Amino acid sequence: MPVDRKKGRHRNYMGKVLKKIKVKRLIALVVVVALVVVVWRSCAGGQTNAAATDSQYLSGMVDRGDITASLSGSGTLEPADSYTVTTLTSGEILSADFEEGDVVEKDQVLYQVDSSDASSGVERAQLSLSQAQRSYERALEQQEDLNVKASTSGTVTELLVEAGDDVTAGQTLAEIRSQDTMTVEIPFLADDAAGISVGQTASVTLDSTFETLSGTVTKVSGADQVLTGGRIVRMVTIQVHNPGAVTEGTTATASVNGVSCAGSGTLGYENSATVTAPASGTVDQVFVSEGAQVGRDTALLHIDSDTVEDTVESAYRTLRDAEISLENQNDTLENYSITSPIQGTIVEKNYKAGDTLESGSNLCTIYDLSYLTVTLNIDELDISSLQVGQQVTITADALEGKSFTGSVTNVSIKGTTTGGVTSYPVTVRIDEGEGLLPGMNVDCTIVTSSAQNVLRIPAGAVDRSGRVLVKGADNGGDTTLPEGYGYKTVEVGISDGNYAQVLSGLEEGDEILYIPSASSDDFFGMPMMGGVVMAGPGM
């Protein structure tokens, strides 16, 4: 059978209206009763005897029972967390594979937006980064070259600079030679050279002294050359050990395996190098002296070059800019895949596949319904009685007859003052709330203290001086007090507004009298411990 929701809402509304009317009528009745009492007391005001005074009191008795003190408040339910998903990009939505009511996981892709332009931006940024990386590496190599090293092993035969000298790029700094080993390139007839191989022993004869040195063939040229007279020869390189007296430029002849050469050659140092400045600058350190023996890659000196340092710094900045640009482009690309920031339930979906987005659009709303919360505003006089962990009873008009249990999770110390009264927000969490939904209005009751099987009296029985009218107590001759009653000083504990706990001063069974205030619940018919209203004249 179809349900007329409009009529249902009308009935709910009328029900609330009727409840309000009943409450207003009850308040009006209470006011009338109070006025009658005031008029009656005014009429009886001339009577000063004990009987007239007794008519103002309620009687009660000290008994035992349970007292539970609590605070109440109301508020609106909210989800554990909520998030409205927005976009930083614009473009056509390619996919949106979810619907309202679906449960989604954190980081699950919700929308995929066309990202072709962003992909091109990433590719360009990658190319710029690669180029910047190469430039930076070259700049570092130039910086490393300022540590000038020997390119070969040998003796530093010349050192042309010292610390403090200014040098220019390409300037000769030092000469290095290996004088222990020398080489000579000598021509052999091509036919004879064909029978010579690398590693064979050779005899080298110095032209100046006719001294013979033992050597080793290290290379045989494969190319023919034509000497004077039309002789066809090939060049054979021979390495010899320098006994110490042979100098560069000495001429010599050689024979290999009994085969004589076709001409002479000039001896030279096998290892020699000219060290030049890699860049312009100032020599700030020299690590070797002239005549020192050095090995390959031995540090010779260091040049301080502002130009090279500036080049390195500039290359680094360019590289860092390229890295940041790529990161930004990747971040932009990621924005085209829109994911869920939390785990929760889709409660609103505003865009679908095929729609065109503008930057800043609200795409959907997600609620985390793993638990619910409600915030209560508690008066400054009561806030000290609340603490995290206290149990809370929750009811909702929308779920009549049901109650739920929650707990206090936060008691804020940031209050709000309105009209001279300060209240503090208190957060309550509800883990098990089947049927409760965000947006529902709920009432909360928080038990602040309780005591079981304790002595108790009506809450209004204790005056401001901490005294109670007790039957049989000494009245000190005060004739204005009801006959047979006097004051006792008592110590009270917790109170629930109806009853107060007696810590000392009274015993179970003591009879008491008290004058209820106009706002006393007991005065308007709330249950008392055996107490009755003492009727006055005419009542």
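**A walk through the predicted fold**

Let's start with one glutamine: the side chain of Q390 reaches the backbone oxygen of S385 at 3.1 Å. Keep in mind as we go that this is a predicted model. Where does Q390 sit in the chain? Its place is in the loop between β24 (362–379) and β25 (391–396). You might wonder whether Q390 is buried or exposed. With a relative accessible area of 10%, Q390 counts as buried, because the cut-off for that label is under 20%. Setting aside residues up to four places away in sequence, Q390 touches S385, G406, S407, V408, I446, V447 and T448. So S385 turns up twice for this side chain: as a partner through its backbone oxygen and in the list of contacts.

Now zoom out. The protein has five helices and 34 strands, and 34% of its 539 residues count as buried. If you take the contacts with a sequence separation of 6 or more, 72% of them join residues 24 or more positions apart.

One place to see the strands at work is an open sheet of four, with the order β7-β20-β18-β9 and antiparallel pairing. Its edge strands are β7 (147–149) and β9 (166–167), each of which pairs on one side only. Looking at one edge in detail, β7 pairs with β20 (residues 299–304) in the antiparallel sense, over three bridges. Within that pairing, K149 stands opposite A299 of β20. As a reminder for reading any such sheet, side chains in a regular strand alternate between its two faces.

Just before β20 there is a backbone detail to check. D297 lies in the loop between β19 (293–294) and β20, and its phi is near 70 degrees, a positive value in a residue other than glycine. Why flag that? Most residues other than glycine have a negative phi. N257 is another case, with a positive phi of about 55 degrees although it is not a glycine. This asparagine belongs to the loop between β15 (251–256) and β16 (259–260). N257 has 66% relative accessibility, so it counts as exposed.

Back to β20, which also leads us into the interior. The largest nonpolar core has 32 residues, and the ones with the most contacts inside it are L173, L300 and I303. Elements giving two or more residues to this core are α3 (116–145), β8 (154–159), β10 (172–189), β20 and α5 (306–334). I303 is worth clicking on: leaving out residues up to four places away in sequence, it touches L146, V148, V167, L173, A277, P278, A279, G281, T282, V283 and D284. There is also a second, separate core of 22 residues, which includes L71, L77, M440 and V442.

Of the elements feeding the largest core, α5 deserves its own look. This helix has 29 residues and reaches 42 Å from its first C-alpha to its last, close to the 42 Å expected at 1.5 Å a residue. Which residues of α5 are buried? They are V308, V312, A315, L319, A322 and L326. Among the things covering those buried residues is α3.

The C-terminal part of α5 also brings us to T89. T89 lies in the loop between β3 (78–86) and β4 (91–95), and it counts as buried because its relative accessible area is 5%. Leaving aside neighbours within four places in sequence, T89 is in contact with T332, N335, Y336, L357, E358 and S359.

Another strand arrangement is built around β34 (residues 511–514). Strand β1 (residues 58–61) pairs with β34 in the antiparallel sense over four bridges. Strand β30 (residues 467–471) is also joined to β34, by two bridges, and runs antiparallel to it. I512 of β34 appears in both pairings: it is the bridge partner of G60 and also of V470.

Last, a word on the cysteines. How many disulfides does a search of the whole structure find? The search finds zero. C364 counts as buried because its relative accessibility is 0%, and C444 is buried too, with a relative accessible area of 1%.

How values were computed: Residues numbered from 1 in each chain as written. Predicted model: local features only at pLDDT ≥ 70, side-chain atom pairs only at ≥ 80, totals over all residues. Heavy atoms only, no water. Pairing = 2+ DSSP bridges. Buried < 20%, exposed > 50% of the residue type's maximum accessible area, 1.4 Å probe, protein only. Polar contact = N/O pair within 3.5 Å; in protein donor to acceptor, adjacent residues only side chain to side chain. Contact = heavy atoms within 4.5 Å. Core = buried A, V, L, I, M, F, W, Y, C linked by side-chain atoms within 4.5 Å. Expected span 1.5 Å × (residues − 1). Disulfide = S-S within 2.5 Å.
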